[in-house]
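I opened this two-chain entry with a notebook beside me. Here is what I looked up, in the order I went through it.

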Amino acid sequence: MKNIKYYAFPSTAKEAVALLLNKKYKAMALAGGTLVAKTLPDTVETYLDIRNVPIKGIKLQGGNLVIGAGATFDEIDRSKLCRSWAGGVLSAAAAKCSSQLIRNMATIGGNIARPHSFNIFPVVLLGLDAKVRLAVRSGAKLTDLPGLYAASLGLRPGLDSLITEIIIPAKTRKWRCEFIKLAKTESSWESYIKLFFSLEKKGRAVQSRICVGALSPKPFRALSTEAAIAAGAAPQDCAAAFAAELEAARAGEYRSAAASSLLRRFLEAVK
Amino acid sequence: MNNKNMIEAKKGFFEITLTVNGEPLELAVKNGEFLLDALRRHGWKSVKKGCDTGDCGSCTVLLDGKPVLGCLVPAVTAHGRAVTTIEGLGTVRKPHALQEAFVAAGAVQCGFCIPGMILSSKALLDAVPAPTEAEIRKALDGNLCRCTGYVKQVEAVKNAAKKLAGKRRA
């Protein structure tokens with residue numbers, strides 16, 4: 001951080017993007033700073049504090065849940081809207097992040113800006129089919145979670161664009177979901193595995209999402225397991241399919257066994 | 001971008017304006033310096049340097065009323081904001097209800113974690129005047145104490161909440 005020459009605090013997303021794109025400044029946006037403040041690349045010369053950019057609220061818009069990228073983990077944990085959405089999985093996930101002091105600072109936008117194994121929200125938002133809105137040179141761009149981390153996006157949020165909103169579709173409002181973090185201690189940032197389960201049943205499974213994090217920087221959906229659930233396989237067979245999928249992803253024996261047991265329990269609990 | 005919204009480093013320092021414990025100040029903070037180090041360098045020694053990685057909570061200060069980790073907040077981020085350290089809460093002669101409660105409950109042993117713990121408790125009581133034990137434990141989960149088992153601190157926060165509620169009624 002010793003190479004910083006300027007400190008800027010833009011008041012709009014447009015202003016922030018203009019600064020990020022201005023080669024003179026070599027700027028980087030920092031939100032809560034909990035992940036990157038200590039590891040700011042030496043090439044960065046302008047520190048862009050985005051606290052005045054109006055991207056903080058949590059609201060309902062057209063039936064969708066819209067979370068401003070600047071919303072902190074604490075705000076998401078306490079938000080009545082988040083607590084009532086998808087069984088409160090967003091708030092439950094936010095509450096599992098590190099300690100209260102970190103939750104007061106860390107933002108959802110910062111958490112998804114870069115793919116990282118131990119980040120919480122990429123796994124949850126992948127499972128909830130969330131879309132991400134970015135402020136870019138030409139205005140705005142909407143993408144989904146896999147798209148955000150795909151090279152084809154051609155953007156580096158925080159360096160040439162700014163995440164402004166996370167949109168969680170209306171269809172997920174009543175989904176039954178569960179987020180599990182297996183870690184050495186509750187407040188550990190590092191974890192052995194992160195799991196997001198979701199299942200809707202009307203006689204048989206009508207939709208399911210089985211998402212896995214902490215094994216690789218980008219979370220992934222266990223598609224074979226989801227197919228087994230859709231085909232009406234028994235919980236123990238779905239769990240076996242999940243264990244096989246995790247082993248193929250080199251999760252290791254402990255993580256595969258623990259995660260598949262947790263999935264079996266979840267499936268058995270959903271009547 | 002308006003020049004008002006940008007500060008330039010001069011000879012390795014940023015000039016920032018902020019309020020510390022209610023007093024408006026202009027401070028020169030070093031390039032790359034974190035709030036913890038800047039505050040200590042300017043004399044607020046109650047802000048303790050523990051892990052310096054955001055794990056222990058010894059460096060907790062209130063930034064615009066919210067408890068944050070001084071070791072993870074770049075000092076320049078405090079520009080235009082209000083910082084509260086334990087020095088701003090009460091004095092030896094006129095302690096804050098939380099400070100009194102911590103002493104009375106025997107919640108202080110070596111004392112290194114206590115400024116941070118009291119500031120986290122202050123923010124909690126400002127937001128939730130009558131917190132449950134679970135709320136107290138959650139609010140303090142980032143403030144590590146290696147001397148005690150947290151029982152006395154939780155008791156102290158409960159007692160302070162009762163005392164402050166009594167003062168509000170009076």
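The entries below go from chain A to the contact between the chains and then into chain B.

**Entry 1: ground rules**

I remind myself that this is a predicted model. Everything I note here is computed from it.

**Entry 2: chain A as a whole**

I began with the overall make-up of chain A and found eleven helices and twelve strands. Its radius of gyration is 19 Å, and the globule rule gives 18 Å for 271 residues, so chain A is as compact as a globular protein of that length. Along the principal axes, the C-alpha atoms of chain A fill a box of roughly 60 × 40 × 35 Å.

I then asked what share of the 271 residues of chain A count as buried. The figure came back as 52%. I also looked at sequence separation: of the contacts in chain A between residues at least 6 apart in sequence, 57% join residues at least 24 apart.

**Entry 3: where A meets B**

Next I turned to the contact between the chains, which takes 25 residues from chain A and 25 residues from chain B. On the chain A side, I listed the elements that give two or more residues: strand E1 (6-8), helix H1 (13-21), strand E3 (46-49) and helix H5 (100-105). Which element of chain A gives the most? H5(A) does, with five residues. Sorted by class, this side of chain A has 13 nonpolar, seven polar and five charged residues.

I was pleased to find strand pairing across the chains as well. E1(A) and strand E1 (residues 6-8) of chain B pair in the antiparallel sense over three bridges. One detail I wrote down is that A:Tyr6 has B:Glu8 in E1(B) as its bridge partner.

**Entry 4: two domains in chain B**

For chain B, I took the domain assignment, which gives domain 1 (3-88) and domain 2 (97-169). Their centres, taken over C-alpha atoms, are separated by 23 Å. How many residues of each domain are in contact with the other? I got 15 from domain 1 of chain B and 13 from domain 2 of chain B.

Looking at the domain 1 side of that contact, I saw that strand E4 (60-63) and strand E5 (66-69) of chain B each supply at least two residues. E4(B) gives the most, with three residues. The classes on this side of domain 1 are seven nonpolar, six polar and two charged residues.

**Entry 5: a closer look at E4(B)**

I stayed with E4(B) and checked which way its residues point. B:Thr60 and B:Leu62 point one way, B:Val61 and B:Leu63 point the other way, and all are buried.

E4(B) pairs with E5(B) in the antiparallel sense over four bridges, and B:Leu63 stands opposite B:Lys66 there. The two strands form a hairpin with two residues between them. In the turn, B:Asp64 has a positive phi of about 50 degrees.

E4(B) also pairs with strand E6 (residues 82-84) of chain B, in the antiparallel sense over two bridges. In E6(B), B:Val83 stands opposite B:Leu63.

**Entry 6: H2(B) in domain 2**

Last, I looked at helix H2 (residues 97-104) of chain B. Which of its residues are buried? They are B:Ala97, B:Leu98, B:Gln99, B:Ala101 and B:Phe102. The buried residues of H2(B) pack against helix H3 (114-127) and helix H5 (151-169) of chain B. B:Gly106 follows H2(B), with a positive phi near 70 degrees.

Methods:
Residues are numbered from 1 along each chain as its sequence is written. Chains are lettered from A and ligands numbered from 1 in the order in which they are written. This is a predicted model: local features need pLDDT of at least 70, side-chain atom pairs count only at pLDDT 80 or more; totals for chains, interfaces and linings use all residues. Domain bounds come from an automatic or database domain assignment. Two residues are in contact if their C-beta atoms, placed from the backbone, lie within 7 Å. Ala, Val, Leu, Ile, Met, Phe, Trp, Tyr, Cys and Pro count as nonpolar, Asp, Glu, Lys and Arg as charged, and the others, Gly among them, as polar. A residue is buried if 20 or more other C-beta atoms lie within 10 Å of its own, exposed if 12 or fewer, and partly exposed in between; C-beta atoms are placed from the backbone. Two strands pair if DSSP finds at least two bridges between them. The radius of gyration is taken over C-alpha atoms; the globule rule is 2.2 Å times the number of residues to the power 0.38.
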